[in-house]
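Hi everyone, thanks for coming. I'd like to walk you through one structure today, so have a look at the screen and we'll take a short tour together.

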Amino acid sequence: MLQDKMGRKFHYLRLSITDVCNFKCTYCLPDGYQCDTPRDFLSTAEIGNLVSTFAKLGTSKIRITGGEPALRKDLPQIIKLCREQAGITDVALTTNGFNLERNIAKWVKAGLTSLNVSIDSLDPNMFNAITGHDKLKSILAGLDKAQQLGLKKIKINAVLMRQYNGNDVQTYIDWLKDKPYTLRFIELMQTGDNLQFFKQNHISGTDIKQSLLQQAWSPVIRDKSAGPAEEFYHPDYQGRVGLIMPYSKDFCATCNRLRISALGKLHLCLFSEAGIDIRQYLQDEQQQPELMQLLQSYLGDKAPSHYLQQGITGGTQHLAMLGG
Ligand code: SAM
Ligand code: SF4
């Protein structure tokens, strides 16, 4: 089992398979993807070795992310090879949903167990203003399809932004009356590229939490591979509400996640200064014992907190570099 000096256990791996993205989210890639890094992303064989190594070290959940992971044509193979590893029980995908409607059936067939779709507004014009794409209708149709296919764990991510969707919290909550999704409000995080936008748009989730509790929403008990959200349920709503509050005091105390970049670098934190290159150990299965030892030793260097509160964003220019 991977464990750090603070006793935090790591069951959950976030695997970026590309840093390319086709959207231009205002808070992430407002000018679109800039092709300024190599595009020699991990191959399916390398991903197979990586996932097998982590599974042997106790990882049970893999989240495939990016950039936009659904831009990779071999996404179904990647889902399948993750799911086939002994010990991996949950294979999740975070996507902007641009081809969800067309491809969700293939992903579920390949073994996807959980889906996160980013929807920063339920209003088509606002959605377009935030992402640069008129795709909301198709994304919502894709979600219906995912539900019809029997996918049980469907989550929606919405980044809170004062000047965009800041007044839409109730609209989202009303939407959950008859939608069995978990809607997670994510506090906007500062990154190397977005300081001005962050200052103008960051909203704390604390007031939303108070208002949920006042409206008889109850906290859900976390399980060991749970994500970073504090979740709430209400008997009158099919859906749940989650709050991801990276600026709250104890956010890092429950960290159970490690990250791998699309070029094969281990990031001990979303906001670390740099990744540790492990790609050379992914070339054949014989290298697994050495990599397992190295991974255990690297965890000794995992910092207790991300220090975002002090405005320290490490080497992270934007979250498309590594996945959120
Ligand atoms: N392209 C996919 C998507 O948008 O779902 C996957 C990658 S994206 C980096 C993963 C998540 O990070 C998305 O839900 C996105 O909204 C969120 N995100 C990106 N930049 C962020 C920021 N600065 N603060 C908070 N969340 C952010
Ligand atoms: Fe692309 Fe996701 Fe970043 Fe939006 S949040 S620009 S969809 S990587």
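I'll go from the sheet to the aromatic pairs, then to the ligand and the cysteines, and finish with a couple of loops. Please keep in mind that this is a predicted model.

Let's begin with the sheet. Twelve strands would be a lot to follow by eye, so here is the order to trace: the 12 strands form an open sheet that reads E7-E8-E9-E6-E5-E4-E3-E2-E1-E10-E11-E12, with mixed pairing. At the edges you'll find E7, residues 218-219, and E12, residues 276-277, each of which pairs on one side only.

Now zoom in on E6, which covers residues 182-187. Is this strand mostly covered or mostly open? Mostly covered: 6 of its 6 residues are buried. If you look at one side, you meet Thr 182, Arg 184 and Ile 186, and on the other Leu 183, Phe 185 and Glu 187, and every one of them is buried. Do notice that Arg 184 and Glu 187 are both on that buried list.

Who are the neighbours of E6? One is E5, residues 153-160, which runs parallel to E6 and is joined to it by 6 bridges. Within that pairing, Val 159 sits opposite Ile 186 of E6. To get from E5 to E6 the chain passes through helix H6, residues 169-175, and the resulting β-α-β crossover is right-handed. The other pairing is with E9, residues 240-244, again parallel, over 5 bridges. There, Thr 182 has Arg 240 in E9 as its bridge partner.

Further along the sheet, E2 (residues 61-65) and E3 (residues 90-95) also run parallel, joined by 4 bridges. One place to find that pairing on your screen is Lys 61, whose bridge partner in E3 is Asp 90.

On to the aromatics. The structure holds 6 aromatic pairs, and I'll show you two. Tyr 164 and Phe 197 make a tilted pair, with 5.9 Å from centre to centre and 35 degrees between the planes. This pair links distant parts of the chain, 33 residues apart: Tyr 164 is in the loop between E5 and H6, while Phe 197 is in helix H7, residues 195-201. Tyr 164 is partly exposed, at 25% relative accessible area, whereas Phe 197 is buried, at 13%.

The other pair takes us back to E6. The ring centres of Tyr 172 and Phe 185 are 5.6 Å apart and the planes meet at 85 degrees, so this one is edge-to-face. Tyr 172 belongs to H6 and Phe 185 to E6, so the pair ties together parts that are 13 residues apart in sequence. Both partners are covered: Tyr 172 is buried at 2% relative accessibility, and Phe 185 is buried at 1%.

Next, ligand 2. Which residues surround it? The shell is made of Cys 21, Phe 23, Cys 25, Tyr 27, Cys 28, Leu 29, Gly 67, Asn 96 and Ala 320. By class, that gives 7 nonpolar residues, 2 polar and no charged.

With those cysteines on screen, how many disulfides does the whole structure have? The search finds 0. Let me take two cysteines as examples. For Cys 35, the closest cysteine sulfur is that of Cys 21, at 14 Å, so a bond is ruled out by distance. Cys 35 is exposed, with 52% relative accessibility. For Cys 255, the closest cysteine sulfur is in Cys 252, 6.6 Å away, which is also too far for a bond. Cys 255, at 10% relative accessibility, is buried.

Last stop, two loops. Ala 216 lies in the loop between helix H8, residues 206-214, and E7. Its phi is near 70 degrees, a positive value in a residue other than glycine. As background, most residues other than glycine have a negative phi. Ala 216 is partly exposed, with a relative accessible area of 45%.

Asp 134 is in the loop between helix H4 (124-131) and helix H5 (136-148). Is Asp 134 buried or exposed? Exposed, at 63% relative accessible area. The C-alpha atom of Asp 134 is separated by 35 Å from that of Thr 89, which is 45 residues away along the chain.

That's the tour. Thanks for listening, and I'm happy to go back to any part of it.

Methods:
Residues numbered from 1 in each chain as written. Chains lettered and ligands numbered in written order. Predicted model: local features only at pLDDT ≥ 70, side-chain atom pairs only at ≥ 80, totals over all residues. Heavy atoms only, no water. Near = heavy atom within 4 Å. Nonpolar A, V, L, I, M, F, W, Y, C, P; charged D, E, K, R; others polar. Disulfide = S-S within 2.5 Å. Buried < 20%, exposed > 50% of the residue type's maximum accessible area, 1.4 Å probe, protein only. Pairing = 2+ DSSP bridges. Right-handed = clockwise from strand over helix to strand, strands pointing away. Phe/Tyr/Trp six-rings, centres within 6.5 Å; stacked < 30°, edge-to-face > 60°.
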